[in-house]
Amino acid sequence: MAIIKILHTLFGIFGNVTGLFLFLAPMITFKRVIMNKSTEQFSGIPYVMTLLNCLLSTWKKNMDPGFQEDGCTIVKRYGLPFVSPNNILVSIINGTGAGLEAFYVLTFLIFAPKREKAKISGILFVVLSIFSTVALVSMLALHANKRKIFCGFAAAIFSIIMYGSPLSIMRLVIKTKSVEYMPFFLSLFVFLCGTSWFVYGLLGKDPFIAVPNGVGGLLGTAQLILYAIYRDNKGKGKKGEEDKTSEMELGKPQENKDQLPNTLNGDAKA
């Protein structure tokens, strides 16, 4: 039992560290976005969904019921340092994650084309509406264990959606045979973070942590496999599209040139 407790704590610490690096990994991508003043073919959906996950995870910790004392359930607000100092790290990491993801989303909205901007703005509105609904329902309508189950299900469902949000980029990688728009470090830390929290959830017998992060670990593995397959083609997909466009543009004058003598001959015959 003592060994399991130690391992549980160690995987929790490792999960927090990898989680922090997961939030910091997109900095490289957004440095490129700001320099080029364009989001190119990067997807903004993962950042919006990660923002929701951070908000829900923080709320779940804050609203998690604690222990029985004199027949009453004491609600431990894990996100508040002055109530539970052992969970300061959870609060700091989720708060930092929410702040960073908000920055990424805002930057994406500034440099995205109009159609993509409208799409991400709509998703962001839905995300904030979902979080507001979960917060109000759990605070006003539910109590004790029901509140925990409700918040746990909400956090688990949207954690799975967060981990699944890069699927569109994975499809793009397969289509273009290029990892140009799938950053390696983001994929690596999705795998490490998901796997560490999956083990943490198993050791702590918490399905709300184990299940979504198990899915995250599998999707992170899939991303790394794709990266290993197409890593040598980085940038070639984009170059191929540009070459194809150039060929089409060069082909048009040639086509018109071929048609010119026919037109002249037709006029001459007339």
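**View 1. Arg32 and Glu180 join in a salt bridge.** Welcome to this predicted model. Here the closest N and O atoms of Arg32 and Glu180 are 2.9 Å apart. Arg32 belongs to helix α2 (residues 27-36), while Glu180 sits in the loop between α7 (167-176) and α8 (184-203), so the pair ties together parts that are 148 residues apart in sequence. Glu180 is buried, because its relative accessible area of 15% falls under the 20% limit.

**View 2. Arg32 also forms a salt bridge with Glu40.** The closest N and O atoms of this pair are 2.6 Å apart. How exposed are the two residues? Glu40 counts as partly exposed, with a relative accessibility of 23%. Arg32 counts as partly exposed too, and its value is 24%.

**View 3. A network of salt bridges links Arg32, Glu40 and Glu180.** How many salt bridges does the structure hold? There are two. One pairs Arg32 with Glu180, and Glu40 pairs with Arg32 in the other.

**View 4. Met49 and Leu52 have the most contacts inside the largest nonpolar core.** This core has 44 residues. Many helices take part: α1 (2-24), α2, α3 (45-62), α4 (88-111), α5 (114-140), α6 (144-164), α8 and α9 (207-230) each supply at least two of its residues. Which helix gives the largest share? That is α3, with nine residues.

**View 5. Leu52 touches Val127, Ile130, Phe131 and Phe158.** This list leaves out residues up to four places away from Leu52 in sequence. As you look around, remember that Leu52 is one of the two residues with the most contacts inside the largest core.

**View 6. A second, separate core has eight residues.** Among them are Ile169, Met170, Met182 and Tyr227.

**View 7. Two stretches are shown from the transmembrane regions listed by UniProt.** The unreviewed UniProt entry places this feature at residues 6-30, 88-111, 123-143, 149-169, 181-203 and 209-230. In the model, residues 149-169 are 90% helix and 0% strand, and the C-alpha atoms at the ends of this stretch lie 32 Å apart. Residues 181-203 are 87% helix and 0% strand, with end C-alpha atoms 35 Å apart.

Definitions and conventions:
Residues are numbered from 1 along each chain as its sequence is written. This is a predicted model: local features need pLDDT of at least 70, side-chain atom pairs count only at pLDDT 80 or more; totals for chains, interfaces and linings use all residues. Side-chain values use heavy atoms; hydrogens and water are left out. A salt bridge is a side-chain nitrogen of Lys or Arg within 4 Å of a carboxyl oxygen of Asp or Glu. Buried means under 20% relative accessible area, exposed over 50%, partly exposed in between (1.4 Å probe, protein chains only). Helices (H or I, at least four residues) and strands (E, at least two) are DSSP runs, numbered from the N terminus. UniProt positions are given in the numbering used here, feature names are shortened, and annotations may be inferred rather than shown by experiment. A nonpolar core is a set of buried Ala, Val, Leu, Ile, Met, Phe, Trp, Tyr and Cys residues joined through side-chain atoms within 4.5 Å. Contact means heavy atoms within 4.5 Å.
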